Structure formats: structure tokens, C-alpha cells
Amino acid sequence: MIWFLLLGSIIFLAVLIFLAEEFFNLLFRGYAPFISTKNKVLDEAVKQFHELNLPAGAKIYELGCGKAGFLRRLEKSAKSKYTLIGVEILTTLYLLAKIQLAVVGSKIKLRRKDFLKISLAKGDCFYCYLGQSLTAKLSLKLQKEARPGSYLISNQFHLPGYEPIKEVQVDLTNWLRIYKL
Ligand SMILES: C[S@@+](CC[C@H](N)C(=O)[O-])C[C@H]1O[C@@H](n2cnc3c(N)ncnc32)[C@H](O)[C@@H]1O
């Protein structure tokens, strides 16, 4: 009974923290909420990624990674070929993903950070699903610091200031846009 109460309290507290962080980031920072990319979009994003033919050791980021769906799929298909880094601002999501990755023995590195406040200069490819206003903020940052020749795969949203090298319609409403930075 005591364990049941303890577990219930922990889950309740985690949900409260998640909602408080989401609310704050949405309202005061204009950041994107947590919505997972659909499986078929992730499959297509990983397929498109492989067509870029990046060399072994390339650094791949999922910016605003949530549960790191893109990186997990990539790790399955590429084994340890790349360095995979997920960046997530929400503590609860970060911890959840960290536990899930540890359970499956994943080598994906997770950072609990605001990606607008870390250097992205060493990235070779970025995947994101962020909403239009945050993708525009990311674009300003990439224009200043991205390595020329690196790539960004955006689920849905345009990266202002860049022309896509490819746009893939996954289904009626879902697009992937691929940019060379
Ligand atoms: C729409 S979800 C996408 C999640 C995951 N990448 C996917 O495609 O399934 C956007 C994620 O970005 C996170 N996020 C938003 N702004 C962020 C920021 N500035 N730094 C780090 N993470 C951020 C949110 O907390 C959320 O988990």
C-alpha cells in the first residue's frame, strides 16, 4: 500500500512538473510543445538521412528530441556509425527518454538543454520538428554558427533564409524539408 502511494505521488509530481514546464515554455518562450513525429514520417526521415551519405563518425542532433524517436530509429539502422545527440529542454521528458534509452542499452547521448543556448557548430546533420516560429529562431542561429555543408531535416516547417534541396510529401498533410546549410 505504501509503495503504491509512493509511486502514485511520484507520477503525480512528474505530471505536474511536465505541465508547468510545458506551460512556461509555450507561453513565455514561444517554444514548441511535445508532439511525437508519426512513425511513417520518422521512417521516411531516416531513409532521407541515409541518402545524404554522411561519413562514419558524423555528429547527428535531434533538436527538441522529446523521446528521441528519430535518433532511436537511426541507431537501429546505422548501429554505431554516427554520434547521436538528443537535446531536450523539458526535464521530465529528458528523464523519461534517459531511462528508456538506458533500458535498451542505447548509446544516444541526451542533453537537458535549450538548443538555442548551446553551440551547434559541430553538427553534421540536424533533425527537428518544432513549429514555425521556433524553426525561424533556429535558422538565425544556424546562419551564424552551422558548419557550411551540414544538413537539416525539418519535419513540416520551413527554415527561413535557406532553400530546401529536397521536399518530400510523406502523406496528405506531412512534409519533410531537407536543407544544406
Ligand atoms: C514537436 S516536439 C518533437 C519531439 C521529437 N523531436 C519528435 O519529432 O518526435 C518538440 C520538442 O522540442 C522541445 N523543445 C522545444 N523548444 C526547445 C528548446 N529551445 N530546446 C530544447 N528542446 C526544446 C519540446 O519540449 C518538445 O519535446
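Mentor: Let us begin with a definition: helices are DSSP runs of H or I with at least four residues, strands are DSSP runs of E with at least two, and both are numbered from the N terminus. Please bear in mind throughout that this is a predicted model.

Trainee: What makes the place of S106 a loop?

Mentor: Helix α4 covers residues 91-103, and strand β3 covers 109-112. Position 106 falls in neither run, so S106 belongs to the loop between α4 and β3.

Trainee: Why is S106 called buried?

Mentor: S106 has a relative accessible area of 18%. The term buried applies under 20%, so S106 qualifies. Setting aside residues up to four places away in sequence, S106 touches E75 and L101.

Trainee: How do you know whether T91 is buried, partly exposed or exposed?

Mentor: The relative accessibility of T91 is 27%. Partly exposed covers the range between the 20% limit for buried and the 50% limit for exposed, and T91 is therefore partly exposed. T91 belongs to helix α4.

Trainee: What makes E21 and R112 contacts of T91?

Mentor: A contact requires heavy atoms within 4.5 Å. E21 and R112 meet that condition with T91, its neighbours within four places in sequence being left aside. As a separate matter of distance, the C-alpha atoms of T91 and I108 are separated by 17 Å, with the two residues 17 apart along the chain.

Trainee: Why is G161 called exposed?

Mentor: The relative accessible area of G161 is 74%, and exposed means over 50%; G161 is therefore exposed. G161 is found in the loop between β5 and β6. Its C-alpha atom is 25 Å from that of F70, a residue 91 positions away along the chain.

Trainee: What makes the phi of Q156 noteworthy?

Mentor: Phi of Q156 is near 85°, a positive value in a residue other than glycine. Q156 is placed in the loop between β5 (151-155) and β6 (164-169). A68 likewise has a positive phi, of about 60°, although A68 is not a glycine.

Trainee: Where does A68 lie, and why is it called buried?

Mentor: A68 sits in the loop between β1 and α3. Its relative accessible area is 0%, which is under the 20% limit, so A68 is buried.

Trainee: What is the situation of A68 with respect to the largest pocket?

Mentor: A68 is one of the residues that lie nearest the centre of that pocket, together with E62, C65, K67 and G69. The lining comprises 38 residues, and the volume is about 650 Å³. The elements giving two or more residues are α2 (39-51), β1 (59-63), α3 (69-78) and β4 (125-128). The largest share, 6 residues, comes from α3. By class, the lining has 21 nonpolar, 7 polar and 10 charged residues.

Trainee: How do you know how the lining of the second largest pocket divides?

Mentor: Its lining consists of A14, V15, F18, T92, L93, L95, L96 and I99. Ala, Val, Phe, Leu and Ile count as nonpolar, whereas Thr falls among the others, which are polar. The result is 7 nonpolar, 1 polar and no charged. This pocket has a volume of about 210 Å³. Its lining draws at least two residues each from α1 (2-29) and α4, and α4 gives the most, with 5 residues.

Trainee: What makes the approach of D124 to K59 a polar contact?

Mentor: The side chain of D124 reaches the backbone nitrogen of K59 at 2.7 Å. The limit for such a pair is 3.5 Å, so the distance satisfies it. D124 lies in the loop between β3 and β4. At 15% relative accessibility, under the 20% limit, D124 is therefore buried. Contacts of D124 beyond four places in sequence include L54, A58, R147, S150 and Y151.

Trainee: How do you know which backbone atoms make polar contacts with the ligand?

Mentor: A backbone N or O atom lies 2.8 Å from a ligand nitrogen in G64, 3.0 Å in F115 and 3.2 Å in I89. Each distance is within 3.5 Å, so G64, F115 and I89 each make a polar contact. In total, 23 residues surround the ligand, and the closest are T37, E62, G64, E88 and D114.

Conventions. Residues are numbered from 1 along each chain as its sequence is written. This is a predicted model: local features need pLDDT of at least 70, side-chain atom pairs count only at pLDDT 80 or more; totals for chains, interfaces and linings use all residues. Side-chain values use heavy atoms; hydrogens and water are left out. On a 1 Å grid over the protein atoms alone, a cavity is a set of points where a 1.4 Å probe fits but cannot get out, and a pocket is an open set with protein on both sides within 12 Å along at least five of seven lines; lining residues have an atom within 4 Å of a point. Grid points are joined across faces, edges and corners, and a volume is the space filled by probe spheres set on the points. Buried means under 20% relative accessible area, exposed over 50%, partly exposed in between (1.4 Å probe, protein chains only). A residue is near a molecule or strand if one of its heavy atoms lies within 4 Å of it. A polar contact is a pair of N or O atoms within 3.5 Å; within protein, one must be able to donate a hydrogen and the other to accept it, and residues adjacent in sequence count only if both atoms are side-chain atoms.
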